[in-house]
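Good morning, and thank you for coming. I should like to take you through one structure, beginning with a question about a single side chain.

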Amino acid sequence: MRGRRIYTLLGLFLLIAFVYLTYFSPTQSPPAVKIPIPWLQPKLSFVGRNSTRFVDLSTGDPIYLNGWNSYWLLSAGSHSAVSEMLSRGRAMGMGVCRTWAFSDGGPAPLQISPGRFDEAMFQELDFVIYEARRQGVRLILSLVNNLNAFGGKAQYVLWAKKNGENVTNSMDSFFSHPTIKRYYKNYLKTIVTRKNSYSGIRYYDEPAIFAWELMNEPRCVSNSSALLIKSWIAEMASFIKTLDQNHLVTVGLEGFYSPKTTHRLGVNPGDWAASLCSDFILNSAVENIDFASVHAYPDSWIPHANLEEKVRYLSTWVESHINDSEHILEKPVLFSEVGSRSISEQNGTHEGDILLKIVYDQIYESAKKQGAGSGALIWQLTVEQMQRFRDDFSLVAQSHPSTYELIKHQSCRLQLLFRNETAGSKVDQWCHE
């Protein structure tokens, strides 16, 4: 009798698995009914780091990334739009998407107030992670904004003031005030230990999460706060590692050099970049930071430069950061935002493609040597129904054929570079066309 019960239950589970995998493959619409059974989720391995390279932890193979940003996935309010964006990204051969895992205060918040969360919004984040895994995409999840959009560090400072804390008017207190740091740590713990309502998997056990990013573009008001930022990075990275030993951690830096790195000041886009408290080398060298991050916006950082000057600047910017990551940091570096206004303007020019290709080419050359330049993520991609999240650097890739083909070409050549590393290496079918 007991054996019959076991076989009945086993048959039921196999039937569920068959229906799920048959009718809800990544090419189909996502299921309306949640089936939070971890072993039903598609197989995916964690990504780790071996010196200056990302590696697949199940095979040891090197990983060089082509990916994109869609910051808006959590706030889309449309599962079909999220699925469509992830599907399109994967169809271009891209394997990593960077997106926000925060919305602090304001309209449609994930975190309503310190330690108080909107469960419906949390389930939206659950879906983003669940659907990314179904589509074979890994996510870099950014955990707070330096800017005021979606709350940011200003919201944390405001919460502390409202709770009667003696907080200065400077936003730099975010990095030093013990109460604000406690708010942020509580948020980290809630996110990292969350159990996904769609998959039944804790976030810290989810291989579809590529990495945690401490903050989007950390800056401070006064250069005297530079040591506070470095200390904050060390404290928060260490805290995440106590909760989660499976995932990589990065800072979210723009890549500027401070006066403490005098030999690199000439690489900055202007004198202003050295006064923002962040330092690419000092901040990325923190022990529990697994890889460095860099942004690149020549159109906005040197707005009066002509194309030739932008090309020269961007080439030096990328080369310097790859060299510093290779020889000083001895860590991978990811160009996690690469944006150009001219990409999104339909003005008949191809300046944006020229600038994007400079980054892609240097990443490819690094990959051929298995060097520290480990990937680039274009900022940012949208789908037609999500135009409210557009900015000056956004595009629907399919509406820009030359950019679309450039992205696919980069994805393909990185895949083909390592196709013979192991018998199990995978290359998208269209790469052979």
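Is lysine 185 buried, partly exposed or exposed? The model before you is a predicted one, and in it lysine 185 has a relative accessible area of 22%. The cut-off for a buried residue is under 20%, so lysine 185 counts as partly exposed.

Lysine 185 does not stand alone. Its side chain forms a salt bridge with glutamate 235, and the closest N and O atoms are 2.8 Å apart. Glutamate 235 is partly exposed as well, with a relative accessible area of 25%. Please note where the two residues sit: lysine 185 belongs to helix α5, residues 178–192, whereas glutamate 235 belongs to helix α6, residues 226–243. The pair therefore links distant parts of the chain, 50 residues apart.

Let me turn to the other salt bridges. The count in this model comes to 19. One of them joins the side chains of arginine 341 and aspartate 392, at 3.5 Å from N to O. Arginine 341 lies in helix α10, residues 341–344, and aspartate 392 in the loop between β13 and α12, so this pair ties together parts that are 51 residues apart in sequence. Both partners are partly exposed: arginine 341 has a relative accessibility of 29%, and aspartate 392 has a relative accessible area of 46%.

A further salt bridge is found within one helix. Glutamate 365 and lysine 368 meet at 3.2 Å, N to O. They are 3 residues apart in helix α11, residues 351–368, which means that about one helical turn separates them. Glutamate 365 is partly exposed at 41%, and lysine 368 is partly exposed at 45%. Finally, Glu84, Arg88 and Glu384 are linked in a network of salt bridges.

I now come to the sheets. How many strands has the open sheet with parallel pairing? There are 8, in the order β10-β9-β8-β5-β4-β13-β12-β11. The edge strands are β10, residues 248–250, and β11, residues 292–296, each of which pairs on one side only. From one strand to the next, the twist averages 25°.

Consider the end of this sheet that holds β11, β12 and β13. Strands β11 and β12 pair in the parallel sense over 5 bridges, and the bridge partner of serine 293 in β12 is leucine 334. Strand β12, residues 333–338, pairs in turn with β13, residues 373–378, in the parallel sense over 4 bridges. Here valine 333 has glycine 373 as its bridge partner, and phenylalanine 335 stands opposite alanine 376. Helix α9, residues 307–329, packs on the sheet and touches β11, β12 and β13. The direction of α9 makes about 175° with that of β11. As for β12, 6 of its 6 residues are buried, so this strand is largely enclosed by the rest of the structure.

The other sheet to mention is an open one of 3 strands, in the order β1-β2-β3, with antiparallel pairing. Strands β1, residues 47–50, and β3, residues 62–63, stand at the edges with a single partner strand each, so one side of each lacks a neighbour in the sheet. Between β1 and β2, residues 53–56, there are 4 bridges; in one of these pairings, asparagine 50 has arginine 53 of β2 as its partner.

Lastly, the nonpolar interior. In soluble globular proteins, nonpolar side chains tend to be buried together. In this model, the largest nonpolar core holds 107 residues, of which Phe174, Tyr184, Trp212, Leu214 and Phe335 touch the most other members. Phe335 is the residue that I placed opposite alanine 376 a moment ago.

Which residues does phenylalanine 174 contact, leaving aside its neighbours within four places in sequence? They are Val144, Lys153, Tyr156, Val157, Ile180, Lys181, Tyr184, Met215 and Trp232. Tyr184 in that list is also one of the core residues with the most contacts to other members. A second, separate core has 12 residues, including Val47, Phe54, Phe210 and Ala211.

To close, I return to the starting point: lysine 185, partly exposed at 22%, is joined by a salt bridge to glutamate 235. Thank you for your attention.

Notes:
Residues are numbered from 1 along each chain as its sequence is written. This is a predicted model: local features need pLDDT of at least 70, side-chain atom pairs count only at pLDDT 80 or more; totals for chains, interfaces and linings use all residues. Side-chain values use heavy atoms; hydrogens and water are left out. Two strands pair if DSSP finds at least two bridges between them. Axes are lines fitted to C-alpha atoms, for helices over the stretch in contact, and angles run from 0 to 180 degrees between N-to-C directions. Contact means heavy atoms within 4.5 Å. A salt bridge is a side-chain nitrogen of Lys or Arg within 4 Å of a carboxyl oxygen of Asp or Glu. Buried means under 20% relative accessible area, exposed over 50%, partly exposed in between (1.4 Å probe, protein chains only). A nonpolar core is a set of buried Ala, Val, Leu, Ile, Met, Phe, Trp, Tyr and Cys residues joined through side-chain atoms within 4.5 Å.
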